[in-house]
Amino acid sequence: MPARNISIPNQPSNVTNQTITSVSREHRKFRPSAEFQRQANLGSYAAYKRLYAESVNTPNKFWGRQAKELLTWQKPFKKVLDWKLPHAKWFLGGQLNVAANCLDRHLGTARENKAAIIFEGEPGDVRTITYKQLHREVCQFANALTALGLAKGDRAAIYLPMVPEAAVAMLACARLGVIHTVIFGGFSSEAIKDRVNDCQAKLVITADGGWRRGKIIDLKTNVDRALAGTPTVEHVVVLKRTGQPVAFSEGRDRWWHDLVAGVSAEHKAKGHDSEHPLFILYTSGSTGKPKGVLHTSAGYLLGTTITTKYVFDLKETDIYFCTADIGWITGHSYVVYGPLANGATVLMYEGAPNHPEPDRFWDIIDRHGVTIFYTAPTAIRAFMRWGDDYVKKHSLKSLRLLGSVGEPINPEAWMWYHTLIGKKRCPIVDTWWQTETGAIMVTPLPGVTATTPGSCTLPFFGVVPKILDEQGKEVPRGGGGKLFLKNPWPSMLRTLWGDDERYKKQYWSELPGYYFAGDGARFDEDGYLWVVGRIDDVLNVSGHRIGTAEVESALVSHPSVAEAAVVGRPDELKGQALVVFVTLKNGFAASPQHKEELRAHVAKEIGSLARPDDVRFAAALPKTRSGKIMRRILKEIAAGGTVKGDTTTLEDFNVVAALQSQEE
Ligand code: WTA
């Protein structure tokens with residue numbers, strides 16, 4: 001990877017200067033209340049320090065003990081870690097079943113008849129599913145998948161709305177050792193096709209549709225379009241959710257309810273090797289097609305289980321609501337695997353936060369008595385914009401803990417969350433992690449850490465974050481650099497599906513021996529970590545990673561586009577907005593209609609989350625003499641500023657002048 005000049009601002013870019021100064025002057029700290037501390041799973045800084053020291057000084061001892069205490073094994077492991085950089089194998093010789101850890105082990109205990117999932121559909125339908133019932137459904141679906149010909153090691157794609165069957169499908173796959181790949185319901189047919197083909201899925205599990213903002217998302221139609229180009233798919237299982245008519249392909253398609261009708265709900269969970277692949281989740285990279293991040297069984301389960309226990313301070317009586325879709329890593333780790341392994345009650349909501357009114361979440365929290373609420377800064381900024389009145393109509397008195405994930409949270413949003421939602425009573429855990437890390441890596445512990453708005457604070461057990469400069473030297477506290485992680489951890493990705501070279505290059509070659517997170521960050525004077533965002537060409541739009549390369553290749557797939565460059569522009573609501581610069585082929589004219597056509601084209605190719613906010617036509621794009629597009633310059637133009645900094649490597653300054661004059 002080429003060395004890049006990086007300059008890291010002191011705070012997230014969407015923080016105003018005034019807030020920066022006041023934060024750094026005040027060092028505002030919010031300590032957990034004595035009351036919270038008393039009841040916390042970990043209630044003192046001394047205890048955290050002791051465990052943390054053990055986890056980094058004698059990691060094998062620490063993780064070996066946690067794995068024995070927190071997981072149920074069918075065959076005990078012999079060796080905690082086999083680390084041949086950059087490949088880790090955890091808990092070798094051991095066998096367990098991830099689904100049995102999430103379900104079977106709660107049977108015969110007081111949890112058996114406890115709600116595993118409280119589901120609320122967007123139209124208002126509510127279902128409560130106990131652990132016993134969820135176990136039954138998973139066993140039955142696992143038997144049905146076996147009858148369809150699915151076997152251990154096969155891949156199955158899941159393209160479902162946020163309904164309990166999404167968890168059932170994931171757990172049934174996990175039970176059988178079938179590797180699932182969940183595709184976010186907002187992705188397009190093209191995206192489904194690419195992912196299905198990349199992992200050669202044999203099965204697609206989908207629904208007729210799902211509800212979103214009062215409308216139906218036609219999931220089955222998208223699958224049908226995708227499957228015109230996916231030779232490996234043998235069957236499609238279709239859940240009836242919305243009931244609208246859908247096309248059915250004879251022989252290939254089966255209704256979920258028909259498939260399970262009369263099928264036994266008895267299923268013995270076999271143990272799978274610790275390193276058996278659990279799932280592939282595609283995420284954006286800085287170049288080329290999405291990366292198939294591979295997670296395996298025992299290490300991933302341990303990482304999600306232990307973080308759920310300590311970061312969310314989970315108790316038997318909690319009702320835990322994470323707003324992430326199942327299609328993202330947060331939905332995998334903190335809607336399904338982590339909470340269920342801990343025997344939690346998970347609240348799952350299908351639809352939009354502002355349907356029918358912008359107070360849907362607060363209404364849900366009050367009606368169901370939600371105690372823990374985990375969401376993203378982009379959502380918090382939307383709530384702020386919709387107005388405090390929607391919040392004030394509700395008591396929110398059941399809440400005791402709040403969480404944030406997906407992007408840096410600006411202190412202003414943090415304070416709003418703290419005051420309006422947490423009523424100054426609930427600790428906030430700002431959790432930094434990635435699809436690749438599998439589980440939360442840097443975070444406050446709610447009964448331990450004094451929080452500072454905007455900082456994700458301190459490393460979780462076993463995590464050794466480093467801020468390093470271009471030479472690999474540690475940057476002193478207060479200075480910005482690239483964020484690396486030093487040691488392997490149980491829930492780390494194992495490779496990229498089918499592309500181990502890319503795995504090595506992407507994560508382990510920036511600085512040999514260190515995992516490169518792709519983020520810029522700094523430690524403050526107190527040793528708290530501040531992540532400021534991506535430093536590669538990955539954008540973070542509404543808390544979702546979007547690779548510039550993906551959007552660019554979608555654009556050039558349009559017959560009129562000769563060349564395209566995509567950059568992010570700071571956006572108050574979404575974190576970053578997508579601005580695309582496009583040069584057209586001869587014979588095509590720039591027009592407002594054409595802009596709309598290109599925006600729609602990207603939405604069709606990738607999904608509406610990647611729809612560009614702004615399309616700018618250019619006669620040429622600024623390039624270096626070696627022909628690389630200078631995104632830094634485009635970024636400055638997109639943000640409406642003047643082009644500063646070094647332009648000596650530019651091939652032709654006139655190009656920049658032309659782009660800027662277009663601005664005025
Ligand atoms: C960003 C989501 C600051 C970061 C779990 C990271 C954050 C990327 C935070 C991963 C946070 C996530 N503070 N930045 N608390 N959480 N990020 O793979 O840039 O969708 O590298 O995983 O989101 O996004 P991903």
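Student: Why is D313 called buried?
Tutor: A residue is buried when its relative accessible area is under 20%, partly exposed in between, and exposed over 50%, as found with a 1.4 Å probe and protein chains only. D313 has a relative accessibility of 1%, so D313 counts as buried. Please note that this is a predicted model, in which local features need pLDDT of at least 70 and side-chain atom pairs count only at pLDDT 80 or more, while totals for chains, interfaces and linings use all residues. Residues are numbered from 1 along each chain as its sequence is written, and side-chain values use heavy atoms, leaving out hydrogens and water.

Student: Where does D313 lie, and what is its phi?
Tutor: D313 belongs to the loop between α11 (298–311) and β16 (319–322). These element names follow DSSP runs numbered from the N terminus: helices are H or I runs of at least four residues, and strands are E runs of at least two. The phi of D313 is near 50°, a positive value in a residue other than glycine.

Student: What makes L396 count as buried?
Tutor: The relative accessible area of L396 is 0%, and therefore L396 is buried. L396 is placed in the loop between α15 (389–392) and β19. Its phi, near 60°, is positive although L396 is not glycine.

Student: How do you know that β18 and β19 pair?
Tutor: Two strands pair if DSSP finds at least two bridges between them. Strand β18 (residues 372–375) has four bridges to β19, in the parallel sense, and the two strands therefore meet the definition. In this pairing, I372 stands opposite L401 of β19.

Student: What makes β19 and β20 a pair as well?
Tutor: Three bridges join β19 to strand β20 (residues 428–430), again in the parallel sense. V429 of β20 is the bridge partner of G403.

Student: Which way do the residues of β19 point?
Tutor: In β19 (residues 401–404), L401 and G403 point one way, whereas L402 and S404 point the other way, and all are buried.

Student: Why is E112 buried?
Tutor: Its relative accessible area is 18%, so E112 is buried. E112 sits in the loop between α5 and β4.

Student: What does E112 touch?
Tutor: Contact means heavy atoms within 4.5 Å. Apart from residues up to four places away in sequence, E112 touches H106, L107, T130, Y131 and K132. By contrast with such contacts, E112 and D125 are 24 Å apart, C-alpha to C-alpha, at a sequence separation of 13 residues.

Student: How do you know that E112 makes a polar contact with G108?
Tutor: A polar contact is a pair of N or O atoms within 3.5 Å; within protein, one must be able to donate a hydrogen and the other to accept it, and residues adjacent in sequence count only if both atoms are side-chain atoms. The side chain of E112 reaches the backbone nitrogen of G108 at 2.8 Å.

Student: Why is H106 counted as buried?
Tutor: H106 is buried because its relative accessibility is 1%. H106 lies in the loop between α5 (98–102) and β4 (115–120). Among the residues that H106 touches are N101, Y131 and L340.

Student: Which residues of the shell are closest to the ligand?
Tutor: The ligand is surrounded by 17 residues, and D430, T431, T435, D519 and R545 are the closest. A residue is near a molecule if one of its heavy atoms lies within 4 Å of it. Both α12 (329–341) and β25 (529–534) supply at least two residues of this shell.

Student: Which side chains have N or O atoms beside an oxygen atom of the ligand?
Tutor: The side chain of R545 places an N or O atom 2.8 Å from a ligand oxygen, and the side chain of R534 does so at 2.9 Å. A polar side-chain atom of Q434 also lies 2.9 Å from an oxygen atom of the ligand. Of the 530 Å² of accessible area that the ligand has on its own, the protein covers 96%. Such areas come from the Shrake-Rupley method with a 1.4 Å probe, and for residues only the protein chains shown count as cover.

Student: Where are the cis peptide bonds of P86 and P356?
Tutor: One joins L85 and P86, with omega about 0°, and P86 is in the loop between β1 and β2. The peptide bond from H355 to P356 is also cis, with omega near 0°.
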